[in-house]
Amino acid sequence: MAGKENIRLLVLETLVQIEKTDIFAKDALHKLLYQKQFMDKQDRAFISRMVEGVTEYQVRLDYVINSFSKTKVNKCKPLIRCILRMGVYQMLYMDSVPDEAACNECVKLAKQKGFSNLAGFVNGVLRNISRNIDKIEYPTEEDSMISYLSVNYSMPEWLVGQIISWYGEESTKSVLAASVETKDLTIRVNENNTTAEELTKRLTEQNIKVTPGYYVSEALHLGNINYVRRLPGFMNGDFFVQDESSMLLYHIANPENEILEKESPLFVLDLCAAPGGKCTHFAQMLGDNALVEARDLTEQKISLLEENKERLALDNMQTKVWDALIPDSSLKNSADIVIADLPCSGLGIISKKNDIKYHINREQLVDLANLQRTILANAAVYLKPGGILLYSTCTINPAENRENAEWMLSHLQLQKDSITACVPENLREYVIEDYMLQLLPGEVVCDGFFISKFRKKCDVYKE
């Protein structure tokens, strides 16, 4: 019988891969757990918690290590840096692992990976931290608000300062606190197959915690989840994993009103559609009253869209590989609704993709805002006069949402379209100027998200 796999070694190798490449922790972890899908459930849970936790709390872990090590974290070899972070994470956040065991296992890992000469360094640093863990002096608000928030919520200092400049200190605290909270999984019920009540019953029978949506009736929040694909109803399309903030797009579009004024089905175009939350929502709800075309950049993304289309049995949806930055003259004045949920910094979903904060920089914030304008200009061309353009992002950066929405009004043949009546009452306080909705993590029970709604001016000449 083969020996039990060294799960800490798997964690270390995954962390080193994340450290040395541009891969996101979530993607690296998904790949590992897919390879180890028959591993003991408890071991899989340990691996997930370690990889996600070490990644999420990297800033705080590095602060602690730097407080006790003469060799600062950024001067350590990547493998040693990851081992030290693993050790400190277990001491700070995993009561089930004794500090002695955490130290010993980290020393073993250093030796196992060929760094016996640094095993003493690892041992010394970790044992020093263990002895003094209750005496660690963290930054205080009085010392420096930015340093305090950075270490307390494990966020790069430049980004803390940036968010404060956008929303002030109190809102920033709420945003950062939400970024490290564990959230339930949110799903959208496919009401063509089942009801929220019936699906809730089946899920609770599997000991899954189910909470109704806070803002839309087709949403459910699930806790105590191990593997989504094994949930009752997943494979036969009874639900789609999607945040409530994203589901709001359909309700704000209010396409039923458009159907009343049309003799033929609506043409709905989603420019950056993968993995398919919004386009499948429109296709699911509109049925024969619409044709939905979902586009994205690569064959891989289109394959994902096709998989979800087939799983949800959406005959009114088609897919196409297309770079949204490239104009498509065949679509001029053709779409009743264009969904432009655009590439962004993702600062509204850090709680779900916790290393976004390490992958983004100031220059990228500017570049992304400019990239969006190119796509938005194309989107406006595709609309029929009187058609609806929905522009959304999962970020909280004003340059990537509100400022671009204002730019659209002054540079494109678009006008504001009222959204207040279509927004759930418990979110209406977040509506801006009646055509924009900005949701901040910590203030709402969903992702940070931005939605704005426009109509193409009807006096635009139609060729």
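**Figure 1. Lining of the second largest pocket.** In this predicted model, the second largest pocket is lined by L15, I18, E19, T21, V54, T55, Q58, C82, R85, D355, Y358 and H359. Four elements give two or more residues each to this lining: α1 (7–20), α3 (41–56), α5 (78–93) and α15 (356–359). Helix α1 provides the largest share, three residues. Sorted by class, the lining has five nonpolar, four polar and three charged residues. The space in the second largest pocket is about 230 Å³.

**Figure 2. The largest cavity.** The count comes to one cavity of 30 Å³ or more. About 60 Å³ of space lies in the largest cavity. Its lining is formed by M155, I163, V175, A178, S179, L347, G348, I349, I350, S351 and P441. Eight of these lining residues are nonpolar and three are polar. No charged residue takes part in the lining of the largest cavity.

**Figure 3. Packing of helices α16 and α17.** Helix α16 spans residues 362–382, and helix α17 spans residues 402–411. The two helices pack at an angle of about 35°. Their axes lie 11 Å apart. The crossing of α16 and α17 is right-handed. On the α16 side, the contact is made by A369, Q372, R373 and L376. On the α17 side, E403, N404, W407 and M408 make the contact. By class, the residues of the contact of α16 with α17 are four nonpolar, two polar and two charged.

**Figure 4. Helix α13 and the loop before it.** Strand β5 (266–270) and α13 are joined by a loop that holds P275. The peptide bond from A274 to P275 is cis. Omega of this bond is near 5°. Helix α13 covers residues 277–286. Nine of its ten residues are buried, so α13 is largely enclosed by the rest of the structure. The buried residues are G277, K278, C279, T280, H281, F282, A283, Q284 and L286. After α13 comes G287, with a positive phi near 55°.

**Figure 5. N254 between two helices.** N254 is found in the loop between α11 (244–253) and α12 (255–260). Its relative accessible area is 24%. N254 is therefore partly exposed, not buried, since buried means under 20%. Leaving aside neighbours within four places in sequence, N254 is in contact with C422 and K453. D238 is 16 residues from N254 in sequence. In space, N254 and D238 are 23 Å apart, C-alpha to C-alpha.

**Figure 6. N207, a residue with positive phi.** N207 sits in the loop between α10 (196–204) and β2 (209–212). Phi of N207 is near 65°, a positive value in a residue other than glycine. The relative accessible area of N207 is 62%. This residue is exposed because its value is over 50%.

**Figure 7. E433 in a loop between strands.** E433 is placed in the loop between β11 (431–432) and β12 (436–439). E433 is not a glycine, yet its phi is positive, about 55°. With a relative accessible area of 43%, E433 is partly exposed. The value of 43% falls between the 20% and 50% limits, so E433 counts as neither buried nor exposed.

Conventions:
Residues are numbered from 1 along each chain as its sequence is written. This is a predicted model: local features need pLDDT of at least 70, side-chain atom pairs count only at pLDDT 80 or more; totals for chains, interfaces and linings use all residues. Side-chain values use heavy atoms; hydrogens and water are left out. Buried means under 20% relative accessible area, exposed over 50%, partly exposed in between (1.4 Å probe, protein chains only). On a 1 Å grid over the protein atoms alone, a cavity is a set of points where a 1.4 Å probe fits but cannot get out, and a pocket is an open set with protein on both sides within 12 Å along at least five of seven lines; lining residues have an atom within 4 Å of a point. Grid points are joined across faces, edges and corners, and a volume is the space filled by probe spheres set on the points. Ala, Val, Leu, Ile, Met, Phe, Trp, Tyr, Cys and Pro count as nonpolar, Asp, Glu, Lys and Arg as charged, and the others, Gly among them, as polar. Axes are lines fitted to C-alpha atoms, for helices over the stretch in contact, and angles run from 0 to 180 degrees between N-to-C directions. A crossing is left-handed if the near helix is turned anticlockwise from the far one by less than a right angle, and right-handed if clockwise. Contact means heavy atoms within 4.5 Å.
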